[in-house]
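Me: I've got a model open and want to go through the labels people put on it. Can you walk me through what backs them up?

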Amino acid sequence: MAEPVKFYVESMGEIINDSNDNFSPVVSADGKTIAYMSSMKFYDAIMVSHLAKNEWTQPVNITPELQSDGDHYVSFLSSDGTLMLLSKDDNINSDIWISKYNGERWEAARKLKKEINTKYWEAHGFITEDGSDMIFSSARPGSFGGLDLYISKMKADGEWGQPLNMGPEVNTPFNDDRPFLINKGTTLFFASQGHYNMGGYDIFRSELQSNGLWSKPQNLGY
């Protein structure tokens, strides 16, 4: 706290921000698509906007295209903005869903298979740029406590393989959640209630080392 991190905040403007609560944004790696949640009168909508001539387009509510009842929450956009992961939370269980953009509209969201989703809580998911790995949080048995981070690899048949726990270097007895795995799967950002923590969820960074283990997560600072 004696050495706060310097950073700058800039509003995204009135095109994205309106009188509703706007939250949980994700941006494609090419910087050209943003998806986020907006609290409508009766449900939380998923909004999508594109960057054109350095301006964001008028956001479109894609909730009807996803055939969602307003209980899906966006967690990931692919690098080109055409693949989306969502979580569906009914206050008892949470599962990870997927949707693809077919060039004209977003396809109806579908739940990922049993390798990813269990009867326990599965939440935020993220797929690496090359599509080879999915990292997600889960409270399934075998965790170190609460939500743990798991990695699943894409198999030759196009299905996700059995997930592997990321181990005690990353996971703690507390909740570890909201993973982002970038730089060809070698740099991990995530939120955790554990590690060297200032309270609640802090944001951490870890690097994949040559021995296959993850470096000690570093708190991003005050």
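Me: What makes the largest nonpolar core a core, and which residues have the most contacts inside it?

Reply: Keep in mind that this is a predicted model. A nonpolar core needs buried nonpolar residues joined through side-chain atoms within 4.5 Å. The largest set of that kind has 23 residues, and L85, M134, I135, M166 and L188 have the most contacts inside it. The elements giving two or more residues to this core are β7 (83-89), β8 (94-100), β10 (122-127), β11 (133-138), β12 (148-153) and β15 (187-192). Apart from it lies another core, of 14 residues, including V26, M37, V48 and A109.

Me: Which residues does M166 touch, leaving out those up to four places away in sequence?

Reply: Contact means heavy atoms within 4.5 Å. On that count M166 touches I135, L149, Y150, I151, N171, L188 and W214.

Me: How do you know that β6 and β7 pair?

Reply: Pairing takes at least two bridges. Five bridges join β6 to β7, so they count as paired, and they run antiparallel. V74 stands opposite L86 in β7. Their hairpin has five residues between the strands, where G81 takes a positive phi near 75 degrees.

Me: Why is the sheet of β6, β7, β8 and β9 said to have edges?

Reply: The four strands form an open sheet in the order β6-β7-β8-β9, with antiparallel pairing. β6 (72-77) and β9 (110-111) each have a single partner strand, so one side of each lacks a neighbour in the sheet.

Me: What makes β6 mostly covered?

Reply: Buried means under 20% relative accessible area. Five of the six residues in β6 are buried, so "mostly covered" follows.

Note on methods:
Residues are numbered from 1 along each chain as its sequence is written. This is a predicted model: local features need pLDDT of at least 70, side-chain atom pairs count only at pLDDT 80 or more; totals for chains, interfaces and linings use all residues. Side-chain values use heavy atoms; hydrogens and water are left out. Buried means under 20% relative accessible area, exposed over 50%, partly exposed in between (1.4 Å probe, protein chains only).
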